[in-house]
Amino acid sequence: MATVELRFSALPEHVRTARLVAAAVARRAGVDEAVLDEVRLAVGEACSRAVGLHESHDIEEPVRVLLIEDEKKFSIEVGDGVSGDSGTSGGADGTEGAAESDAEGEDEMGLAVISGLVDDVEVTAGKDGGLIRMTWPTATAAVLP
């Protein structure tokens, strides 16, 4: 099992680099060429979501991306530093509610796009942050019984 780890500052301009690295590693891992555009788009959505969450929660730590090559599958994990118990409820006077509602809407839209692009996707949130794990079969998985 080979793993490539990528960490980048939570800035939108770094998302493109993450997409390019993910596509290159996916190609080397044996992911079908016809699926590489989906890999790029899904990684872009997941990384953009993580960047947005870091910005909205003032998190300084980098976004984490793991590219994991197994025998029969290729997985990408995009992690953010927003703990699952950080809640996004608005203020008592309602002043923060609209902005946070917009952020939640964008978050849900990004997850919907990822789910449409990737058949095997898992989204989790814990005290150490959120994680999106996306998995694709490799060419060796198609050849082996």
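## Pocket lining

The lining of the second largest pocket in this predicted model is a mix of 8 nonpolar, 3 polar and 3 charged residues. Here Asp, Glu, Lys and Arg count as charged, Ala, Val, Leu, Ile, Met, Phe, Trp, Tyr, Cys and Pro as nonpolar, and the others, Gly among them, as polar. The pocket's volume, the space filled by probe spheres set on its grid points, is about 150 Å³. Of its 14 lining residues, Val 31, Asp 32, Val 35, Trp 136 and Pro 137 lie closest to the centre. (A pocket is an open set of points on a 1 Å grid where a 1.4 Å probe fits, with protein on both sides within 12 Å along at least five of seven lines; lining residues have an atom within 4 Å of a point.)

Two elements, β5 (129-137) and α4 (139-143), each give two or more residues to this lining, and β5 has the largest share, with 3. (Elements are DSSP runs: helices are H or I, at least four residues, and strands E, at least two.)

## The core

The largest nonpolar core has 31 residues, and Phe 74, Ile 76, Val 78, Met 134 and Trp 136 have the most contacts inside it. (Such a core joins buried Ala, Val, Leu, Ile, Met, Phe, Trp, Tyr and Cys through side-chain atoms within 4.5 Å; buried means under 20% relative accessible area with a 1.4 Å probe, protein chains only.) α2 supplies the largest share, 8 residues.

Setting aside neighbours within four places in sequence, Ile 76 touches residues including Val 39, Leu 67 and Trp 136, with contact meaning heavy atoms within 4.5 Å.

## Confidence

The chain averages a pLDDT of 85, on the predictor's 0 to 100 confidence scale. Strand β2 (residues 63-69) has the highest mean among the elements, 97, and α4 the lowest, 60.

Local features need pLDDT of at least 70 and side-chain atom pairs 80 or more, while totals for chains, interfaces and linings use all residues. Numbering starts from 1 along each chain as its sequence is written, and side-chain values use heavy atoms, leaving out hydrogens and water.

Technical notes:
Buried means under 20% relative accessible area, exposed over 50%, partly exposed in between (1.4 Å probe, protein chains only).
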